[in-house]
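Trainee: I should like to learn how the features of a structural model are read. May we go through one together, feature by feature?

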Amino acid sequence: MKIYLAEFLGTFWLVLGGCGSAVLAAAFPDVGIGLLGVALAFGLTVLTMAYAIGHISGCHLNPAVSVGLWAGGRFPANQLLPYIVAQVVGAVVAGGVLYVIASGKAGFDVSAGFAANGYGAHSPGGYSLLAALVSEIVMTMMFLLVILGATDKRAPQGMAPVAIGFCLTLIHLISIPITNTSVNPARSTGVAVFVGDWALAQLWLFWLAPIVGAVLGAVIYRFIGSAED
């Protein structure tokens with residue numbers, strides 16, 4: 001039970017810290033943190049939680065990561081469902097806390113986005129469904145490559161959280177304009193349920209693409225990371 005609570009809390013922090021920075025601080029008058037700040041915030045949530053709960057649950061914080069670790073031979077299948085449930089519940093609770101905070105400002109309109117992921121008319125840069133699909137698959141694939149490589153027993157010990165956190169930061173720097181960056185179905189779900197409407201209608205992509213990308217990343221790393229030449 002403790003490992004699932006750890007995943008709940010970790011994913012809660014990821015959504016509150018990452019999406020919270022986008023909703024509350026990205027465009028704050030005159031001193032907003034902007035795209036760079038939001039990207040860094042997502043990376044910092046993973047970095048801090050990796051050190052806080054990595055030794056308890058592995059700090060997945062992401063259904064796609066859990067599936068990818070399973071595909072990479074690093075995680076048992078019988079723990080997939082409870083991990084994913086804990087992650088999604090943590091994300092939704094964080095979305096609720098963020099909604100309560102954000103709605104405390106006059107003029108708040110959840111339909112304006114609330115850091116939800118989208119494509120087409122709901123892409124920050126107006127990118128198409130195909131662009132969003134390719135972006136989410138490739139970004140999650142690279143994320144899993146970094147996670148599996150950084151946590152390999154042959155890699156420098158103790159530095160995995162840094163590599164993984166900075167990788168997530170880089171992913172956001174690249175893809176926020178495309179989809180608002182998901183690479184994490186729980187993160188997408190946590191805010192989409194409060195936006196409703198288009199965010200829920202487009203949510204399927206932000207489950208499908210990250211999971212496909214994670215499996216691809218795992219398969220590639222199992223090949224390049226094997227002891228055989």
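Trainee: What covers the buried residues of α1?

Mentor: To read the packing of a helix, one lists its buried residues and then looks for what lies over them. In this predicted model, the cover over the buried residues of α1 includes α2 (34-57), α4 (80-102) and α7 (185-195). The buried residues of α1 are Ala-6, Glu-7, Gly-10, Thr-11, Phe-12, Leu-14, Val-15, Gly-17, Gly-18, Cys-19, Gly-20 and Ser-21.

Trainee: Where is the kink in α1 centred?

Mentor: The kink is centred on Cys-19 and comes to about 30°. End to end, the 24 residues of α1 (residues 2-25) reach 32 Å from the first C-alpha to the last, close to the 34 Å expected at 1.5 Å a residue.

Trainee: How does α9 compare with its expected span, and which of its residues are buried?

Mentor: Helix α9 (residues 205-224) has 20 residues, which should span 28 Å at 1.5 Å a residue, and its end C-alpha atoms are 28 Å apart, in agreement. Its buried residues are Leu-205, Phe-206, Ala-209, Pro-210, Gly-213, Ala-214, Gly-217, Ala-218 and Tyr-221. Among the elements that cover them are α3 (63-71), α5 (129-150), α6 and α7.

Trainee: Which residues touch the most other members of the largest nonpolar core?

Mentor: The general idea comes before the case. In soluble globular proteins, nonpolar side chains tend to be buried together. Here the largest nonpolar core has 56 residues, and those that touch the most other members are Cys-19, Leu-61, Phe-114, Phe-143, Ile-147, Ile-164 and Val-195. Helix α4 supplies the largest share of this core, eight residues. A second, separate core has six residues, including Tyr-119, Ala-132, Ile-137 and Phe-206. As for Ile-147, its contacts, leaving aside neighbours within four places in sequence, are Val-65, Leu-69 and Ile-164.

Trainee: Is Thr-181 buried or exposed?

Mentor: A loop position is judged by its accessibility, not by its place in the sequence. Thr-181 lies in the loop between α6 (160-179) and α7, yet it counts as buried because its relative accessibility is 0%. Beyond neighbours within four places in sequence, Thr-181 is in contact with Asn-117, Glu-136, Ile-171, His-172, Ser-175, Ile-176 and Arg-187.

Trainee: How many disulfides are there, and why is Cys-59 not bonded to Cys-167?

Mentor: One compares the distance between sulfur atoms with a cut-off, which is 2.5 Å. The count comes to zero disulfides by this rule. The cysteine sulfur closest to that of Cys-59 is in Cys-167, and it is 14 Å away, so it is too far for a bond. Both residues are nevertheless buried, Cys-59 with a relative accessible area of 12% and Cys-167 with 11%.

Trainee: What does the secondary structure of the chain come to, and how compact is the chain?

Mentor: The chain has nine helices and zero strands. Its radius of gyration is 17 Å, close to the 17 Å that the globule rule gives for 229 residues, so the chain is as compact as a globular protein of that length. Along the principal axes, the C-alpha trace spans about 60 × 40 × 35 Å.

Trainee: What share of the residues is buried, and what share of the contacts joins residues at least 24 apart?

Mentor: Of the 229 residues, 51% count as buried. Among contacts between residues at least 6 apart in sequence, 77% join residues at least 24 apart.

Definitions and conventions
Residues numbered from 1 in each chain as written. Predicted model: local features only at pLDDT ≥ 70, side-chain atom pairs only at ≥ 80, totals over all residues. Heavy atoms only, no water. Buried < 20%, exposed > 50% of the residue type's maximum accessible area, 1.4 Å probe, protein only. Helix = DSSP H or I, 4+ residues; strand = E, 2+ residues; numbered from the N terminus. Expected span 1.5 Å × (residues − 1). Bend = angle between axes of the 7 residues up to and from the residue. Contact = heavy atoms within 4.5 Å. Core = buried A, V, L, I, M, F, W, Y, C linked by side-chain atoms within 4.5 Å. Rg over C-alpha atoms; globule rule 2.2 N^0.38 Å.
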